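Student: I'd like to learn how to read the empty spaces inside a protein. Can you walk me through it?

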Amino acid sequence: MVATKKDLMTMNKKKTSSSLYSSPMILHGQITFLSRHGSTWFWGNIFAASLFILLRWTEQDNNLLLLLVWYGSIFAMNVTRWLYGQNFLPSQHYSPEELQAFGQRYLIYSTLISALWGVSGFILFSSEPITQAVHVLLLAGAIVAAIPVLALSSFALYVQIGAVLLPIILNLLLLGAYVQQTLALATVLLGVLLAMASRSITSLLNDLHKAQIQVQEQAHTDPVTQISNRRYFDSTFKTEWRRAARESKPLSLLMIDVDHFKRYNDRHGHQAGDQCLQIIAQCIKAVARRASDVVARHGGEEFVILLPDTTPEDAALLAERVRKSVEAQRVPHSDGAIPRIVTVSIGVSSCTPNAPYEPHNVPETMVIYPAMLLNAADRALYRAKRNGRNQIAKENCGEGIIQLTTPSTAATHAA
């Protein structure tokens with residue numbers, strides 16, 4: 001049975017909400033933003049810290065060694081965070097675990113910088129009201145400089161607001177004077193306003209994330225069958241190929257083609273053809289149920305199933321289940337005077353990619369390329385159709401490649 005439009009919209013909505021905060025693509029974009037603007041946060045912190053040091057330097061009761069130690073700590077921590085951000089390469093592929101680890105470490109560095117600013121409210125507290133007021137403004141500037149971490153965690157920003165402002169608020173209240181109490185109250189209100197502003201920004205970011213995820217899903221979804229499209233398959237194929245190479249695990253591919261689909265369209269109409277494709281897409285999804293399995297419409301009446309960590313034998317068994325599932329639907333296919341049903345032909349191929357370091361240590365003829373898996377599955381599909389359709393055919397990766405003799409071998413034969 002074909003899923004209704006309402007069911008499909010509900011499924012998409014659930015998928016969007018569940019992936020809102022865990023989408024690797026969104027997290028990758030957030031970290032890219034932070035790393036690209038790392039120099040801005042760096043120079044902003046250094047400028048504010050330098051201004052504070054110059055201000056405290058003019059006072060008579062300052063501790064020069066303590067000032068230099070604090071300034072050196074601020075400088076060193078900002079340099080560390082900036083250099084760490086430069087290690088992130090936006091064009092490189094990162095696993096979700098690597099992205100999470102990178103984001104968490106960046107948050108740690110940012111929290112330590114905020115803690116250093118907060119410490120200044122204790123160890124570098126001035127007795128001059130004007131200096132105290134400027135100190136509060138500089139701390140507010142440090143919080144503004146920390147706002148970009150909202151891209152990673154709103155809770156982390158709230159923690160940093162408290163870490164920056166709480167020490168100086170306590171010091172101002174302990175003095176007991178009217179001016180300091182008024183300044184403490186103003187600082188509390190400033191912290192509340194910054195927290196409210198960050199909350200509004202967080203809400204805006206969440207709405208933007210939702211919209212971005214919806215746009216990405218629409219760009220990666222076939223509008224007719226509501227499964228992934230070729231663009232999504234191509235990008236996922238590259239990712240899974242690299243993963244299989246790193247882990248030395250097999251990667252299998254099924255290419256599925258609807259038999260005589262052009263005749264079906266000509267006889268029953270394009271609307272019936274779309275419904276037929278929807279039925280087949282649901283059959284394929286019902287069989288390929290693992291979270292790692294990728295089901296996509298490759299184009300026209302052709303579908304693909306990418307099966308990570310799947311042996312050739314298991315891939316062939318799954319292909320046969322797909323073929324039988326489509327056949328069991330008994331979708332009428334009136335081809336001339338002979339009544340038929342809709343069937344599919346399937347090409348199966350599998351391979352284990354070379355490890356990243358292997359291409360330098362093995363002969364060129366032994367290197368396995370991604371195109372070999374695609375071509376092998378395509379040739380197997382062609383053979384299944386040529387042999388009568390409604391069947392599966394298998395071909396090992398690279399089996400159909402014509403092996404050329406090397407120059408030394410050719411010379412031996414000539415001799």
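Tutor: Sure, here's the general idea. On a 1 Å grid over the protein atoms alone, a cavity is a set of points where a 1.4 Å probe fits but cannot get out; lining residues have an atom within 4 Å of a point. Points are joined across faces, edges and corners, and the volume is the space filled by probe spheres set on them. This is a predicted model, where local features need pLDDT of at least 70 and side-chain atom pairs 80 or more, while totals for chains, interfaces and linings use all residues. Numbering starts from 1 along each chain as its sequence is written, and side-chain values use heavy atoms, without hydrogens and water.

Student: How many cavities of 30 Å³ or more does the structure hold?

Tutor: There are 2. The largest has a volume of about 60 Å³, and the second largest about 30 Å³.

Student: Which residues line the largest cavity?

Tutor: Among them are Asn45, Arg81, Ser110, Trp117 and Val164. Helices here are DSSP runs (H or I, at least four residues), numbered from the N terminus. The helix α5 provides the largest share of this lining, 4 residues.

Student: What kinds of residues divide up that lining?

Tutor: Ala, Val, Leu, Ile, Met, Phe, Trp, Tyr, Cys and Pro count as nonpolar, Asp, Glu, Lys and Arg as charged, and the others, Gly among them, as polar. Here you get 6 nonpolar, 3 polar and 1 charged.

Student: Which element gives the most to the lining of the second largest cavity?

Tutor: That's α4, with 4 residues. The lining of this second cavity includes Gly38, Trp41, Arg81 and Tyr106.

Key:
1 Å grid on protein atoms, 1.4 Å probe; cavity = no way out; pocket = protein on both sides within 12 Å on 5 of 7 lines; lining within 4 Å. Helix = DSSP H or I, 4+ residues; strand = E, 2+ residues; numbered from the N terminus.
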